[in-house]
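User: I am new to reading protein models, and I would like to learn how to look at one feature at a time. Could you take me through this one?

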Amino acid sequence: MIRVALLTGEYPPMRGGVADYTRFVARTLTLVGAQPSIITSARVRARLGDKWQDEDIPIFPEIRSWTVAALPAIAAIVEGMGAEVLNIQYQAGAFDLNPAVNLAPLYLRSRLPKVKVVTTFHDLKEPYILPKIGRLRHLATWLLALTSTAVIVTNQEDFVRLASRRSDGRPGVRFGGPALHPIPIGSNIPVRDRATYDRATWRRLMGVEPDEALFGYFGFLNPSKGLDDLIEAFARVSSSGIKAKLAMIGGSTSASSRLEREYAHYLRSRLDEPTFRSKVIWTGYTTAEEVSGNLLALDACVLPYKEGASIRHGTLVAAITHHAPIITTRPVSAGVTSSLPRLIDRENVLFTPAGSPDRLASAMTEIAQSPELRERLAAGLAGIASEFRWDAIVLKTLRVYQEVLNQGASA
């Protein structure tokens with residue numbers, strides 16, 4: 001039984017994609033014979049109360065700040081629990097943009113040389129180091145990747161930035177780094193039982209008429225999600241004579257970010273204008289079961305990300321696993337192709353250019369008027385949805401752990 005410590009800057013009841021991902025991975029690891037534990041922020045402690053386990057998974061909410069002082073504490077917990085693998089769930093923002101955690105593989109190598117460090121990059125955004133240091137921030141990301149025993153990437157864009165081919169033909173981190181494993185994230189929204197789900201009744205309870213198209217946006221409200229374009233596009237669709245409603249699914253903000261709060265307030269003000277008021281449904285933060293019901297009710301899920309679609313986004317993955325026809329922005333990645341599931345225009349998604357409300361409105365109009373297109377996209381998504389199942393993801397992750405431990409045993 002492999003003993004693995006999952007190091008994460010956030011964990012439920014904190015809200016965030018990495019928090020949910022880590023919980024799903026940990027719970028699924030227990031089902032395949034591993035023994036996971038969670039090392040996370042002390043901010044989780046206040047919310048847990050006396051609960052120090054999550055379905056028999058030990059939680060160590062001991063890290064008060066993600067500075068260099070956290071490294072000895074992390075090592076002590078890893079040593080105390082007898083972990084063989086430390087899996088860092090890396091997202092710079094979840095670690096307060098502090099680069100100290102990027103030193104963890106080097107620190108563990110000197111303190112606990114038998115422990116293997118696997119880093120899962122949820123994105124490659126850089127931590128904050130010093131003002132005006134510019135591109136040198138990239139060095140912290142590369143240091144973490146190059147000093148890990150193995151690296152997992154969750155999306156094609158990060159794979160392209162990190163990957164090169166090793167002498168054995170397998171992908172590895174550039175500049176002679178460790179093996180690189182592309183493994184997607186899963187959805188934190190389990191799909192409701194389709195056999196018992198009554199779509200017509202659910203739509204009626206949402207206030208959607210039988211002859212109305214239901215578009216939906218799922219996720220937090222922040223400027224990178226292209227919501228200004230969505231509002232303009234929806235206004236064009238509505239003024240063209242198409243009967244439609246827009247469902248805003250989920251909570252407004254992920255945390256206490258003042259920028260997100262202000263942006264969410266601005267969007268709510270826009271959508272409260274007379275043009276939109278009777279056509280917009282705000283669900284608020286609801287249970288996963290209710291989110292699933294809302295996603296299954298959609299004619300199209302519209303996700304016009306400013307930086308292009310990426311399967312790093314849990315909201316996009318949720319739409320995929322629900323087979324909800326998707327309109328999104330064209331990815332920007334090009335180069336080395338990984339084994340990650342691919343989004344293909346007009347086969348499983350409908351792509352539009354980022355920053356083009358006119359093209360977005362045209363796509364929304366087309367999908368509203370074409371049941372055949374909706375059926376084709378839904379069928380295409382059904383063809384790749386299994387790759388986002390948690391059991392598939394965790395079995396691949398477990399094989400990474402086994403590989404690095406076998407390397408240590410043969411060294």
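**Reading the model step by step**

Analyst: Leucine 97 is partly exposed, with a relative accessible area of 39%. Please keep in mind that this is a predicted model. Leucine 97 lies in the loop between β5 and α4 (104-111), and we can begin with its backbone.

User: What is the sign of phi at leucine 97, which is not a glycine?

Analyst: Most residues other than glycine have a negative phi, and most peptide bonds are trans. Leucine 97, although not a glycine, has a positive phi of about 60°. Phenylalanine 175, which is not a glycine either, has a positive phi of about 65°, and this residue is found in the loop between β9 and β10. Histidine 323, just after helix α11, takes a positive phi of about 55°.

User: Is the peptide bond from proline 12 to proline 13 cis or trans?

Analyst: The bond that joins proline 12 to proline 13 is cis, with omega near 15°. Proline 13 belongs to the loop between β1 and α1, which brings us to the strand before that loop.

User: How many residues of strand β1 are buried, and which strands are joined to β1 by bridges?

Analyst: Strand β1 covers residues 3-8, and five of its six residues are buried, so the strand is largely enclosed by the rest of the structure. Five bridges join β1 to strand β2 (residues 35-41), and the two run parallel; alanine 5 stands opposite serine 37 in β2. From β1 the chain crosses through helix α1 (residues 17-31) to β2, and this β-α-β crossover is right-handed. Five bridges also join β1 to strand β5 (residues 85-90), again in parallel, with threonine 8 opposite glutamine 89 in β5.

User: Within helix α1, what can be said about threonine 30?

Analyst: Threonine 30 has its place in helix α1, and at 36% relative accessibility it counts as partly exposed. Leaving aside residues up to four places away in sequence, threonine 30 touches Pro36 and Ile57. The C-alpha atoms of threonine 30 and isoleucine 2 are separated by 10.0 Å, while the two residues are 28 residues apart along the chain.

User: Which residues of helix α7 are buried, and where do they fall when seen down the axis?

Analyst: An α-helix has 3.6 residues a turn, so residues three or four places apart point the same way. In helix α7 (residues 199-206), Trp202, Arg203 and Met206 are buried. Seen down the axis of α7, these buried residues fall within an arc of 95°, so they line one face of the helix. On the other side of α7, Ala200, Arg204 and Leu205 are exposed. The buried residues of α7 pack against β11, β12 (244-249), β13 (280-284) and α10.

User: How many residues of helix α11 are buried?

Analyst: In helix α11 (residues 314-321), seven of the eight residues are buried, so the helix is largely enclosed by the rest of the structure. The buried ones are Thr315, Leu316, Val317, Ala318, Ala319, Ile320 and Thr321. Buried residues of α11 pack against elements including β11 (213-218), α10 (288-297) and α13 (371-384).

User: How should I read the aromatic pairs, and how many are there?

Analyst: A pair of aromatic rings is described by the distance of the centres and the angle of the planes. The count here comes to nine aromatic pairs. In one of them, the rings of tyrosine 90 and phenylalanine 95 have their centres 6.1 Å apart and their planes at 20°, so the pair is stacked, planes under 30 degrees apart being counted that way. Both tyrosine 90 and phenylalanine 95 are buried. Tryptophan 142 and phenylalanine 175, in contrast, form an edge-to-face pair, with 5.2 Å centre to centre and 65° between the planes. Tryptophan 142 lies in helix α5 (residues 137-147) and phenylalanine 175 in the loop between β9 (171-173) and β10 (179-182), so this pair ties together parts that are 33 residues apart in sequence. Phenylalanine 175 is exposed, with a relative accessible area of 67%. Ring pairs also link Trp66, Tyr90, Phe95 and Phe121 into a cluster.

User: Which ring does the charged end of arginine 15 sit over?

Analyst: The charged end of arginine 15 sits over the ring of tyrosine 285, 4.1 Å from its centre. Arginine 268 likewise lies over the face of tryptophan 282, at 4.0 Å from the ring centre.

Key:
Residues numbered from 1 in each chain as written. Predicted model: local features only at pLDDT ≥ 70, side-chain atom pairs only at ≥ 80, totals over all residues. Heavy atoms only, no water. Buried < 20%, exposed > 50% of the residue type's maximum accessible area, 1.4 Å probe, protein only. Helix = DSSP H or I, 4+ residues; strand = E, 2+ residues; numbered from the N terminus. Pairing = 2+ DSSP bridges. Right-handed = clockwise from strand over helix to strand, strands pointing away. Phe/Tyr/Trp six-rings, centres within 6.5 Å; stacked < 30°, edge-to-face > 60°. Lys NZ or Arg CZ within 6 Å of the ring centre and 35° of its normal. Contact = heavy atoms within 4.5 Å. Arc of directions from axis to C-beta.
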